[in-house]
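Dear colleague,

I am passing on the structure we talked about, and below it you will find what came out of going through its strands and sheets. Please have the model open while you read, as the notes follow it element by element.

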Amino acid sequence: MSTDLQALGTAAELVGRELDLIAVQGRLQDPAARLITLTGAGGVGKSRLAAEAARATAALFPGGIHPLDLPACADLETALTHIEQLAVGTAGASGRTLLLLDGVEHVAARLAPVLAEHLTAAPALTVLATGQEVLRLYGEQVVPVPPLPTPGPLLAPDVADVQDNPAVRLLICCAHEANPAFALTAENVEAVVDICNLLEGVPLVLELAARRLRLYPAQELRAWLRRGGDSHLPGPVDVPARQRSTPAIAEWSCRGLSQGQRALLARLALFQHGLTLATAEKVSPLDAGETAVALEALLDRNLLTLEENPRTDSRLTMSRTLRAWGLTLLDAAGAAQAATARQAHARHYQKLLHTLEGRFQGSEQQRWLRAAAAEHANVLAALHHLKDEHERRTAARGRSSERERPVALLERAALVCASLYPWLIRGELTEGLRWFDATERALQDEGAEDGEEHGERLRARARLCAGAGVLAAALGDHDGAAHRHRRAVDMYQRLRDPGPGALASARRGYALFRCGDRAAGQSLLSAARTTLNVQGDTAGSAEAATALADVLLAGGESEPARALLERAERIQRQHGAIRDLARTRSTTARLHLHTGDEAAARAALRESLTLYESIDERTELPAVLDLFALLLVRTAGQPQRATRLLAAAEALRSRTGATTTGADRDLLQGTVTELRRQLGATLFTAAWAEGLRLRPAAMAGEALATAEPGRAEERTEAGALTPRQLQVALLVADGLTNRQIAHQLDIAEWTVVNHVRHVMRKLGCNSRVQVAWAVGRRQ
């Protein structure tokens with residue numbers, strides 16, 4: 001029953017597992033480690049890692065290495081007999097013998113007591129096992145094998161930045177085997193990064209996808225995978241049947257699950273990018289006790305992973321491969337059960353966002369905004385279901401004389417409106433605007449069909465128009481924003497609701513100002529602010545005051561603008577309105593620049609950036625980065641950093657879809673031209689490329705790290721470091737470990753290792769102590 005050791009691997013190179021291999025070899029070198037189990041989800045490369053570790057340590061086992069592929073055995077009894085024969089043969093041996101057991105999942109309960117007995121009777125026997133679940137024996141050393149680290153979301157990926165990423169390296173290696181002409185280039189790097197992120201770094205799935213690069217360019221493969229093409233990726237025929245396709249991986253992984261566990265897995269497959277434990281309990285088709293037991297079983301078998309996050313709730317996640325298989329299970333259960341599950345999913349997120357909506361302005365708003373951001377993909381899935389449900393009900397109404405109240409459509413409108421603030425924060429502007437406009441049109445069509453416009457539907461339409469106006473303004477479409485806000489004002493007048501109508505009127509006034517009609521904008525803003533004050537809407541009044549101050553600044557009226565900004569700031573600080581306060585502080589910075597107080601402008605911009613950074617804001621951040629860069633050009637003599645900030649702002653705008661208009665665009669273009677002249681083509685291009693590669697989470701930090709006026713940036717050896725490398729070097733100087741640095745910067749640990757290596761090379765250092773000295777000397 002022994003199989004050839006080479007058969008446990010494939011022809012592909014062991015990529016991205018260098019540290020894991022060292023860890024397994026270290027355990028095999030320890031005679032006290034008698035049972036080592038590599039565990040992880042299907043397709044992560046446990047078998048290959050175990051085989052390579054066994055080959056590398058073969059000299060330690062004079063009794064030989066005896067591989068046994070358990071799933072390939074005719075039955076478990078035959079496998080147990082073979083294990084017994086091997087154990088008896090090594091009972092009196094003086095040299096160590098290694099039993100390499102591949103695929104202990106599904107038989108762990110029966111296998112474990114037999115192994116325990118043989119390990120006791122044969123002191124020279126060492127067992128290296130692989131499986132999706134552990135054996136649960138005393139003394140068992142468990143080695144988790146996770147997927148390969150992926151590049152993560154990048155605004156403008158560069159070949160040099162991602163070519164050392166383990167997932168990218170594996171995809172390129174396997175793609176080159178399938179198509180020798182394939183190479184990572186500037187043209188396909190974005191698609192390659194997206195493929196690695198989409199496939200979650202699972203080695204076997206990456207290998208199966210890479211074979212398709214023989215047929216498709218990377219960009220087309222990405223589109224095919226996004227449409228779900230990986231749900232039936234075929235593989236080579238010279239590997240075990242359980243590894244020949246993605247459905248085979250999932251089917252093998254879930255073999256032996258109980259009916260209740262399968263039902264729960266199918267229900268959880270509806271959730272994209274995971275869900276919290278509390279959500280799993282709410283949507284489970286099982287009772288509370290059965291749910292707890294089933295979740296533990298799915299976690300034990302690595303079908304689910306519990307990802308801890310210190311800044312928000314832990315999340316249960318499921319691989320893309322298992323999600324596709326779980327959705328197949330759900331559909332196989334019948335149309336009625338599938339519809340019930342999707343309805344439960346949609347209702348859960350409608351209730352959740354309705355609850356969170358009231359917490360986006362308060363002492364814990366950062367926490368709740370992060371919670372909403374984590375659910376973005378699930379909210380979109382819920383909206384799609386509510387849209388499909390409305391279309392189904394509309395079709396049913398066409399076949400029946402009975403008229404239903406448009407419940408699904410109103411629920412969809414409520415969920416869309418509740419998502420406005422998180423979408424603004426995340427920069428999900430284009431997609432958000434589509435949902436606002438489409439939902440409002442659907443409600444309007446419903447009313448036209450019924451021949452009446454009841455209050456609930458009209459109020460929903462008014463909220464949708466107002467929200468669409470906010471998103472259109474954020475995208476730079478101020479004419480479209482003014483049109484939508486005007487419609488919202490008309491609807492609120494019909495509803496006789498002056499408060500929301502006044503806020504929509506104020507926003508319309510600011511949109512008209514941005515369209516070039518300053519007089520109309522100022523008039524509307526002044527009137528709306530008065531109404532908001534009368535209505536007691538202090539938050540709306542403060543927003544209108546900040547917008548009106550901007551209009552007054554454009555007319556050179558500094559003192560009235562100052563008074564408005566000071567009042568708005570007091571209200572926003574009192575209410576803890578972080579985003580509104582950040583906007584007010586950036587407007588205050590422009591006031592200070594107008595009056596020549598550059599130190600005060602710098603302080604206001606720093607606070608604005610700090611506030612935006614605290615809530616991970618993406619939509620309004622580019623404008624503040626631009627303003628900070630302009631201030632640097634004007635006062636601090638730091639043209640490279642200014643260039644990086646302008647490039648970062650441009651990259652973030654391209655991600656959100658926002659645009660600059662009119663005088664703002666002309667000023668930025670003129671500044672970029674001047675920076676290119678100052679730096680020269682080569683240095684400007686390098687700084688611009690560095691700015692494009694900054695992650696959104698690091699953009700505010702790049703600006704806040706600016707030296708004070710009068711402190712020119714030194715051109716020592718550390719000056720060659722990129723902004724991210726300098727951040728890493730400074731944290732190394734503070735004594736942080738790679739893991740601590742990764743947590744603080746919110747990047748993968750492998751990325752930190754890569755940056756530290758480049759830092760040492762650029763600074764000519766051989767140790768972290770030397771890095772600390774070099775960077776400290778620069779400070």
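**Strand E1 and its sheet**

Strands E1 and E5 pair in the parallel sense, and 4 bridges join them. Please keep in mind throughout that this is a predicted model. Within the pairing of E1 with E5, Leu38 has Val143 of E5 as its bridge partner.

Strand E1 (residues 35-39) also pairs with strand E4 (residues 125-131), again in the parallel sense, and here the pairing runs over 5 bridges. Two of the contacts between these strands can be followed residue by residue: Ile36 stands opposite Leu128 in E4, and Leu38 has Thr130 of E4 as its bridge partner. Leu38 is therefore a useful residue to look at in the viewer, because it has a bridge partner in E4, namely Thr130, and another in E5, namely Val143.As for the surroundings of E1, the strand is mostly covered, with 5 of its 5 residues buried. Leu35, Thr37 and Thr39 point one way from E1, whereas Ile36 and Leu38 point the other way, and all of them are buried.

Taken as a whole, the sheet to which E1 belongs is open and is formed by 5 strands in the order E2-E3-E4-E1-E5, with parallel pairing. Strand E2 (65-69) and strand E5 (141-144) stand at its edges, and each has a single partner strand, so one side of each is left without a neighbour in the sheet. On average, neighbouring strands of this sheet are turned by 15° against each other, if direction is ignored.

A helix also belongs in this picture: helix H3 (residues 76-90) lies across E2, strand E3 (97-102) and E4, and it runs at about 170° to E3.

**The sheet of 3 strands**

There is also an open sheet of 3 strands, in the order E6-E8-E7, and its pairing is antiparallel. Its edge strands are strand E6 (275-276) and strand E7 (305-307), each of which pairs on one side only. Between E6 and strand E8 (residues 315-317), which run antiparallel, there are 2 bridges, and in E8 the bridge partner of Thr276 is Arg315.

With best wishes

Terms used. Residues are numbered from 1 along each chain as its sequence is written. This is a predicted model: local features need pLDDT of at least 70, side-chain atom pairs count only at pLDDT 80 or more; totals for chains, interfaces and linings use all residues. Side-chain values use heavy atoms; hydrogens and water are left out. Two strands pair if DSSP finds at least two bridges between them. Axes are lines fitted to C-alpha atoms, for helices over the stretch in contact, and angles run from 0 to 180 degrees between N-to-C directions. Contact means heavy atoms within 4.5 Å. Buried means under 20% relative accessible area, exposed over 50%, partly exposed in between (1.4 Å probe, protein chains only).
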